Amino acid sequence: QVQLVESGGGLVQAGGSLRLSCAASGSIFSINFMGWYRQAPGKQRELVASITSGGSTNYADSVKGRVTISRDNAKNTVYLQMNSLKPEDTAVYYCNAKVVTSPPYEYSYWGQGTQVTVSS
């Protein structure tokens with residue numbers, strides 16, 4: 001079994017910054033993909049940013065230039081540095097990881113979510 005534990009959410013004023021962390025633990029052989037998604041009230045969950053084990057990144061257009069995703073493969077941890085936050089960034093942020101537990105089997109795991117609230 002694999003667990004993802006998120007931290008770093010909170011309340012911040014518009015223009016402020018937050019850094020989210022997500023640490024994976026358990027029966028992990030490798031992690032190919034780690035990403036951050038968010039879901040605002042009444043909206044669908046959307047991808048914010050993702051990063052592969054090789055370091056390739058992908059960002060939603062709405063956060064490009066304001067958000068940086070990074071990972072520490074040795075710690076099985078992914079980070080999301082968010083700057084110049086806007087009220088529309090308010091959402092529950094979820095960590096996702098595609099984990100190989102026993103090759104060649106890969107499974108998708110989700111964190112419990114962390115609330116980010118940006119006040120205007």
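This passage describes the strands, the disulfide, the nonpolar core and the salt bridges of the structure shown above, which is a predicted model.

We may begin with the open sheet, whose four strands follow the order β1-β3-β8-β7 with antiparallel pairing. Its edges are formed by β1 (2-7) and β7 (67-72), each of which pairs on one side only. Between neighbouring strands of this sheet the average turn is 15°, direction ignored. Within the sheet, strand β3 (residues 18-26) is joined to strand β8 (residues 77-82) by six bridges in the antiparallel sense. Here Leu20 finds its bridge partner in Leu80 of β8.

A second set of pairings centres on strand β4 (residues 30-39). Seven of the ten residues of β4 are buried, so this strand is largely enclosed by the rest of the structure. Nine bridges connect β4 with strand β9 (residues 91-102) in the antiparallel sense, and among the partners in β9 is Val92, which is bridged to Gln39. Strand β4 also runs antiparallel to strand β5 (residues 46-52), with six bridges between them. The β4 and β5 strands make a hairpin with six residues between them, and Gly42 in the turn has a positive phi of about 80°. In this pairing, Arg38 has Glu46 of β5 as its bridge partner, and the two residues return below in the account of the salt bridges.

The structure contains one disulfide, linking Cys22 to Cys95 with an S to S distance of 2.1 Å. Because Cys22 lies in strand β3 and Cys95 in strand β9, the pair ties together parts that are 73 residues apart in sequence. The torsion about the S-S bond of Cys22 and Cys95 is about -80°, so the disulfide is left-handed. Both cysteines, Cys22 and Cys95, are buried.

Turning to the interior, the largest nonpolar core has 31 residues, of which Leu4, Trp36, Ile69, Val78, Leu80, Met82 and Tyr93 touch the most other members. At least two residues of this core come from each of β1, β3, β4, β5, β7, β8, β9 and β11 (114-119). The most are given by β9, which contributes five residues. Nonpolar side chains tend to be buried together in soluble globular proteins. Ile69 illustrates the packing nicely: leaving aside residues up to four places away in sequence, its contacts include Met34, Trp36, Ala49, Ile51, Tyr59, Val78 and Leu80.

Charged side chains add another layer, and a search of the whole structure finds four salt bridges. In one of these, Glu46 and Arg38 meet with their closest N and O atoms 2.7 Å apart. The two partners differ in their surroundings: Arg38 counts as buried, at 7% relative accessibility, whereas Glu46 counts as partly exposed, at 34%. Another salt bridge joins Arg66 to Asp89, with the closest N and O atoms 2.8 Å apart. This pair links distant parts of the chain, as Arg66 sits in the loop between β6 (57-59) and β7, and Asp89 in the loop between β8 and β9, 23 residues apart. Arg66 and Asp89 are buried. Through salt bridges that share partners, Arg38, Glu46, Arg66 and Asp89 are joined into one network. Elsewhere, Lys64 and Asp61 form a salt bridge at 3.2 Å, N to O. Here Lys64 counts as exposed at 51% relative accessibility, and Asp61 is exposed with a relative accessible area of 65%.

How values were computed
Residues are numbered from 1 along each chain as its sequence is written. This is a predicted model: local features need pLDDT of at least 70, side-chain atom pairs count only at pLDDT 80 or more; totals for chains, interfaces and linings use all residues. Side-chain values use heavy atoms; hydrogens and water are left out. Buried means under 20% relative accessible area, exposed over 50%, partly exposed in between (1.4 Å probe, protein chains only). Two strands pair if DSSP finds at least two bridges between them. Axes are lines fitted to C-alpha atoms, for helices over the stretch in contact, and angles run from 0 to 180 degrees between N-to-C directions. A disulfide is a pair of cysteine sulfur atoms within 2.5 Å. A nonpolar core is a set of buried Ala, Val, Leu, Ile, Met, Phe, Trp, Tyr and Cys residues joined through side-chain atoms within 4.5 Å. Contact means heavy atoms within 4.5 Å.
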